[in-house]
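Colleague: Could you take me through one part of this model in detail? I would like to hear about the ligand site and what packs around it.

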Amino acid sequence: MAGNSNPFQEVLDRLEDVNRHLNLPPALYHRLRSPRRSLIATIPVRMDDGSVCYFEGYRVHYNTARGPAKGGIRYHPNVSLNEMITLAALMTWKCAVIDVPFGGAKGGIACDSTKMSRNEIKRMTRRYTHEIAMLIGPESDIPAPDMYTNEQVMAWIMDTYSTIKGYSVPGVVTGKPVCIGGSLGRKTATSQGLVTVLLETVKHLGLSTKDLTASIIGFGNVGAAAAEILCEKGLRIVGLADSRAAIYNQKGLDIKAVKKHKADTKSLAGFKDAEQVSMEELIGLKCDVLIPAAVEGQINSKNANSIKARIIAEGANDPTTREADAILNDKGVFVLPDILANAGGVVVSYFEWVQDIQRYFWHEDEIQKRLEGIMTKAFKHVMTIALDKKVDMRTAAMILGVGRVAEASAVRGLYP
Ligand code: NAD
């Protein structure tokens, strides 16, 4: 994890910061400082050559006071218990910020799925689902896609869980293909939500979208869709990065051509109408909006000073370290925090879950309208707190999210 070897400590430090505003009773405050439950499982997988590889898999429920646990599943070599607990805590605050009736979860497998075949990934997913089946279910915990997982992986999880149950359970995961109970609009929901709150920010700062440029780190589910939607809104995308390369063109990149190049070559490297730069260079190159949409800790104390962007919109989870936050605040950079900025995905996941339970599916315009409504309302609520308490947007979002989780935990009380 770039920039931070113990991200959960940062979650705790940030909780301490926010508790200066919330002043929670000590017992309640302490309850919010640890996950409810964590499962670690060994996942044996028969590889295509006949050998068996063992992977470590996790599923963490951080807090479920507000409803069933909700959170993505990640396949990445850096997946660890610490990372899962960190991301499950962020999911808990995020679901509360946008006021959907979920607690926070996260899961994943430490693996490099880019080096595995489709069949190996399928067998690993099915065995992992079997190992976490005791935790997941529409009433208890609903996974979704995250880094290096997609709707096909969700379909395998849904199928494995349904096989265990003996009947179809579409509501066990969100981000599924539409033909088995997925929701229209889910694929682009995180990016749509991000653009909604970004445009609110642009309005708040008195800027015009026509003159704005953006750079995006990460060109997957979130980053690629964000690039396309921002172009439609009139912004110029000048910088892009994926795990292998970073490219920059002050005049603007042709996103359709970049997508085709990435589909053909699996990388941004070698895209001809742009300068090839390093990741660190890209972070410091001129743009108005910087969108981290890849891994944690990419904006850290080493590069925060070099940032020229006026707005950072966090598509990724936990992309900015606490030290970097302080530097950005001093520089007057407006940071739209992850627990608000990338919440559009879980909003439409909530819609998908509701549709699955009701077996009644909505039109796409209905979904887009409701998504925009929820994101705008959350933005305005967070902004009001920020102005009221004279704090940055992350602290304001945490005051709202952690405050709501604390309220639900307190009113439910302690068992027994
Ligand atoms: P993805 O697997 O679809 O794409 C990840 C992208 O990041 C790829 O382009 C990859 O090449 C790039 N990448 C990986 N490591 C990198 C590195 N070190 N430097 C630069 N680029 C790198 O994943 P995604 O679903 O788009 O998720 C991206 C981020 O957004 C994650 O932090 C995830 O937790 C967060 N997020 C995703 C969703 C969602 O709905 N998918 C919702 C909320 C938040």
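Modeller: Happy to; here is the ligand site, followed by the core and two loop residues.

This is a predicted model, so local features need pLDDT of at least 70 and side-chain atom pairs count only at pLDDT 80 or more, while totals for chains, interfaces and linings use all residues. Residues are numbered from 1 along each chain as its sequence is written, and side-chain values use heavy atoms, with hydrogens and water left out.

Let's start with the ligand. It is surrounded by 24 residues, and the closest are Asp146, Thr190, Ala294, Gln298 and Asn317 (a residue is near if one of its heavy atoms lies within 4 Å). That shell divides into ten nonpolar, nine polar and five charged residues. Here Ala, Val, Leu, Ile, Met, Phe, Trp, Tyr, Cys and Pro count as nonpolar, Asp, Glu, Lys and Arg as charged, and the others, Gly among them, as polar.

Now the polar contacts (pairs of N or O atoms within 3.5 Å). A ligand oxygen is 2.6 Å from an N or O atom in the side chain of Asp146. With Tyr148, an oxygen of the ligand is 2.9 Å from a polar backbone atom, and with Ser243 the distance from a ligand oxygen to a polar backbone atom is 3.0 Å. Taken alone, the ligand exposes 830 Å², of which the protein buries 90% (Shrake-Rupley areas, 1.4 Å probe).

Next comes the packing. The largest nonpolar core has 92 residues, and those touching the most other members are Trp93, Ile216, Leu230, Leu240, Leu336, Leu340 and Met393. Such a core is a set of buried Ala, Val, Leu, Ile, Met, Phe, Trp, Tyr and Cys residues joined through side-chain atoms within 4.5 Å, where buried means under 20% relative accessible area with a 1.4 Å probe, protein chains only. Helix H3 (residues 81-97) gives this core its largest share, eleven residues (helices are DSSP runs of H or I, at least four residues; strands are E, at least two).

Finally, two loop residues. Phe219 sits between strand S6 (213-217) and helix H7 (221-232), and counts as buried because its relative accessibility is 9%. Beyond four places in sequence, its contacts (heavy atoms within 4.5 Å) include Leu240, Asp242 and Lys262. Ser267 lies in the loop between helix H8 (255-265) and strand S9 (275-277); at 6% relative accessibility, Ser267 is buried too. Its side chain has a polar atom 2.9 Å from the backbone nitrogen of Ala269. Among the contacts of Ser267 outside that sequence range are Asp242, Arg244 and Lys262.

Definitions and conventions. Buried means under 20% relative accessible area, exposed over 50%, partly exposed in between (1.4 Å probe, protein chains only). A polar contact is a pair of N or O atoms within 3.5 Å; within protein, one must be able to donate a hydrogen and the other to accept it, and residues adjacent in sequence count only if both atoms are side-chain atoms.
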